[in-house]
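Me: I have a structure to look at. Can you walk me through it?

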Amino acid sequence: MEYKPKRSRNLYIPYAEAPYSLSRSKVELFIECPCCFYLDRRRGINRPPMIPFNLNLAVDHLLKKEFDIYRKKKIPHPLMEEYKTGIRGFDHPELDKWRENFQGIRHIHHDTNFILTGAVDDVWTDGSHIIIVDYKATSSNYKLSFSGPKYERYRRQLEFYSYLFKQNHFTVSEEALFVACNAIKSRPTFEEKLIFDLSIIRHNVDTSWIDETLFQIFEALQKEEPPAPSKDCPYCAYYNERDSL
């Protein structure tokens, strides 16, 4: 079938010699819906953009600034000591690059010729291992755990970052961490500020799914037609319903 790509940038071209950049978020898109992923990467048809979560981005930005103050002083943040004694912010000259979107930490997966990328929130260390850390801001009346199917994508995020650091020859802890920021809604008034309850949520890392998923992505991208729409994908459901009218 002949088609004209809707977007010309960042398209995957089968059998191209140059490595192809594949971000953690695009790997997650494939897991969520191989059809949407294929249309994005092969045919340049993006999903409609999401509204940016500016409050969450502000929390991330301020947390990085706060943890960096302690990192420069080479002392633990009080929240670190709640997790384990001896933890410090990992001081590395490439930390800012690892945090940068469209840059991040990188690894060439030679079997697929993908350049894998991911932008991490933070990296801590216990002196012998680095610990991958991700900030999550929300507001819930319940104790946060990030367990269950609803939060699988959060856990895969930590696992993908851990994989990238391992491939870059870092000694990575098998336990990654969420810094969970839960905005308290029980206060009597707003007073132009949000108060957060900060906690650490541990996650035992399993990266065994990553290589298999990358091979599945590679195989899908070689084909001239997209995979079948996912039954659980709201975007595919919308287009199918629209086309049936």
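Reply: What follows covers sheets, helix packing, salt bridges and one serine, all from a predicted model.

Me: Start with the sheets. What is the strand order in the open sheet of five strands?
Reply: The order is S2-S5-S6-S7-S8, and the pairing is mixed.

Me: Which strands stand at the edges there?
Reply: S2 (88-89) and S8 (196-204). Each has a single partner strand, so one side of each has no neighbour in the sheet.

Me: How many bridges between S7 and S8, and in which sense?
Reply: Nine bridges, antiparallel. S7 spans residues 175-183. Within that pairing, Ala 176 stands opposite His 203 in S8.

Me: Which helix packs on the sheet, touching S5, S6, S7 and S8?
Reply: That is H6, whose direction makes about 155 degrees with that of S6. Helix H3 (residues 54-73) also lies across strands of this sheet: S2, S5, S6, S7 and S8. H3 runs at about 140 degrees to S6.

Me: Now the open sheet of three strands. What order?
Reply: S1-S4-S3, again with mixed pairing. S1 (20-23) and S3 (105-109) are the edge strands, so each has one side without a neighbour in the sheet. On average, neighbouring strands are turned by 25 degrees against each other, ignoring direction.

Me: How do S3 and S4 run, parallel or antiparallel?
Reply: Antiparallel, joined by five bridges. One bridge pairs Ile 105 with Gly 118 in S4.

Me: Which strands of this sheet does H1 touch?
Reply: H1 touches S1 and S4, and its direction makes about 75 degrees with that of S1. H6 packs on this sheet too, touching S3 and S4. The direction of H6 makes about 120 degrees with that of S4.

Me: Switching to helix pairs. At what angle do H1 and H2 pack?
Reply: About 135 degrees, with the axes 5 Å apart. That makes H1 oblique to H2.

Me: Which residues meet?
Reply: Lys 26, Leu 29, Phe 30 and Glu 32 in H1 meet Pro 34, Cys 36, Phe 37, Asp 40 and Arg 41 in H2. By class, the contact has five nonpolar, four charged and no polar residues.

Me: Charges next. How many salt bridges in the whole structure?
Reply: The search finds 18.

Me: Which residue pairs with Asp 68?
Reply: Arg 71 does, at 3.0 Å, N to O. The two are three residues apart in helix H3, so about one helical turn separates them.

Me: Are they buried or exposed?
Reply: Asp 68 and Arg 71 are buried.

Me: What about Asp 122, which residue does it bridge to?
Reply: Arg 99, with the closest N and O atoms 3.4 Å apart. Asp 122 is in strand S5 and Arg 99 in helix H5 (residues 95-99), so the pair ties together parts 23 residues apart in sequence. Both Asp 122 and Arg 99 are buried.

Me: Which residues are linked in a network of salt bridges?
Reply: Asp 68, Arg 71, Arg 99 and Asp 122.

Me: And Glu 174, what is its partner?
Reply: Lys 166, at 3.2 Å between the closest N and O atoms. Glu 174 is partly exposed, at 44% relative accessible area. Lys 166 is partly exposed as well, at 27%.

Me: Last one. Where is Ser 162?
Reply: In helix H6 (residues 152-167). Ser 162 counts as buried because its relative accessibility is 1%.

Me: What does Ser 162 touch, beyond four places in sequence?
Reply: Ile 132, Val 172, Ala 176 and Val 205. Ala 176 came up earlier, opposite His 203 in S8.

Methods:
Residues numbered from 1 in each chain as written. Predicted model: local features only at pLDDT ≥ 70, side-chain atom pairs only at ≥ 80, totals over all residues. Heavy atoms only, no water. Helix = DSSP H or I, 4+ residues; strand = E, 2+ residues; numbered from the N terminus. Buried < 20%, exposed > 50% of the residue type's maximum accessible area, 1.4 Å probe, protein only. Contact = heavy atoms within 4.5 Å. Axes fitted to C-alpha atoms, helices over the stretch in contact; angles between N-to-C directions. Parallel < 35°, antiparallel > 145°, perpendicular 65-115°, else oblique. Nonpolar A, V, L, I, M, F, W, Y, C, P; charged D, E, K, R; others polar. Pairing = 2+ DSSP bridges. Salt bridge = Lys/Arg side-chain N within 4 Å of Asp/Glu carboxyl O.
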